[in-house]
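Trainee: I would like to go through the side-chain contacts and the burial in this model. Can we take them one at a time?

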Amino acid sequence: MTENTAVAAPDAQHVDAVRSALGEVLNKDLSDAAESVRLFDELGLDSSSALELLITIEEILGVQFDAEELEMTHFETVGSLAAFVSAEAGA
């Protein structure tokens, strides 16, 4: 994981993709989850579900992420993960 944490603000499509993927992975309705919701602390995400989450997001959006670009800060909140997804998807 790198030290560069600057990412663009997420767009609505990527926020929705993160919410949808979270719902699938965690078996919860998270369609209205605020961008400030903390993935590990509030939703109970763990390292194996984080990997599953990324794979699900990739499938939803038809993109692939560079694992070397991932940082723990990307997994802090719905919004931070969506911002990472937006940056990686070229939004």
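The questions and answers below deal with a predicted model.

Trainee: How is the aromatic pair of Phe65 and Phe84 classed?

Mentor: The structure holds 1 aromatic pair. Its rings, those of Phe65 and Phe84, lie 5.6 Å centre to centre, with 45° between the planes. Planes under 30 degrees apart would count as stacked and those over 60 as edge-to-face, so the class that remains is tilted.

Trainee: How many residues apart are Phe65 and Phe84, and which parts of the chain does the pair link?

Mentor: Phe65 sits in the loop between α2 (47-61) and α3 (78-88), and Phe84 belongs to helix α3. The pair therefore links distant parts of the chain, with a separation of 19 residues.

Trainee: Are Phe65 and Phe84 buried or exposed?

Mentor: Burial here requires a relative accessible area under 20%. Both Phe65 and Phe84 are classed as buried.

Trainee: How many residues of α3 are buried?

Mentor: Phe84 is one of the buried residues in α3; the others named are Val78, Gly79, Ser80, Leu81, Ala82, Ala83, Val85 and Ser86. The helix is mostly covered, and the count is 9 of its 11 residues.

Trainee: What covers the buried residues of α3?

Mentor: The cover comes in part from other helices. It includes α1 (12-26) and α2.

Trainee: Which residue just after α3 takes a positive phi?

Mentor: The position follows directly on the helix just discussed. Its phi is about 80°, and the residue is Gly90.

Trainee: What separates Asp16 and Arg19 along helix α1?

Mentor: Asp16 and Arg19 form one of the 2 salt bridges found in the whole structure, and their closest N and O atoms are 3.5 Å apart. Both residues lie in helix α1, 3 residues apart, so the separation is about one helical turn.

Trainee: Why does Arg19 count as buried, and how does Asp16 count?

Mentor: Arg19 has 17% relative accessibility, which means that it counts as buried, the limit being under 20%. Asp16 has 42% relative accessibility, so the class for Asp16 is partly exposed.

Trainee: In the salt bridge of Arg38 with Asp41, how far apart are the closest N and O atoms?

Mentor: A salt bridge calls for a nitrogen within 4 Å of a carboxyl oxygen. Arg38 and Asp41 satisfy this, with their closest N and O atoms at a distance of 3.1 Å.

Trainee: How do Arg38 and Asp41 count in terms of accessibility?

Mentor: Arg38 has 33% relative accessibility and so counts as partly exposed. Asp41 has 61%, and exposed means over 50%. Asp41 therefore counts as exposed.

How values were computed: Residues numbered from 1 in each chain as written. Predicted model: local features only at pLDDT ≥ 70, side-chain atom pairs only at ≥ 80, totals over all residues. Heavy atoms only, no water. Phe/Tyr/Trp six-rings, centres within 6.5 Å; stacked < 30°, edge-to-face > 60°. Helix = DSSP H or I, 4+ residues; strand = E, 2+ residues; numbered from the N terminus. Buried < 20%, exposed > 50% of the residue type's maximum accessible area, 1.4 Å probe, protein only. Contact = heavy atoms within 4.5 Å. Salt bridge = Lys/Arg side-chain N within 4 Å of Asp/Glu carboxyl O.
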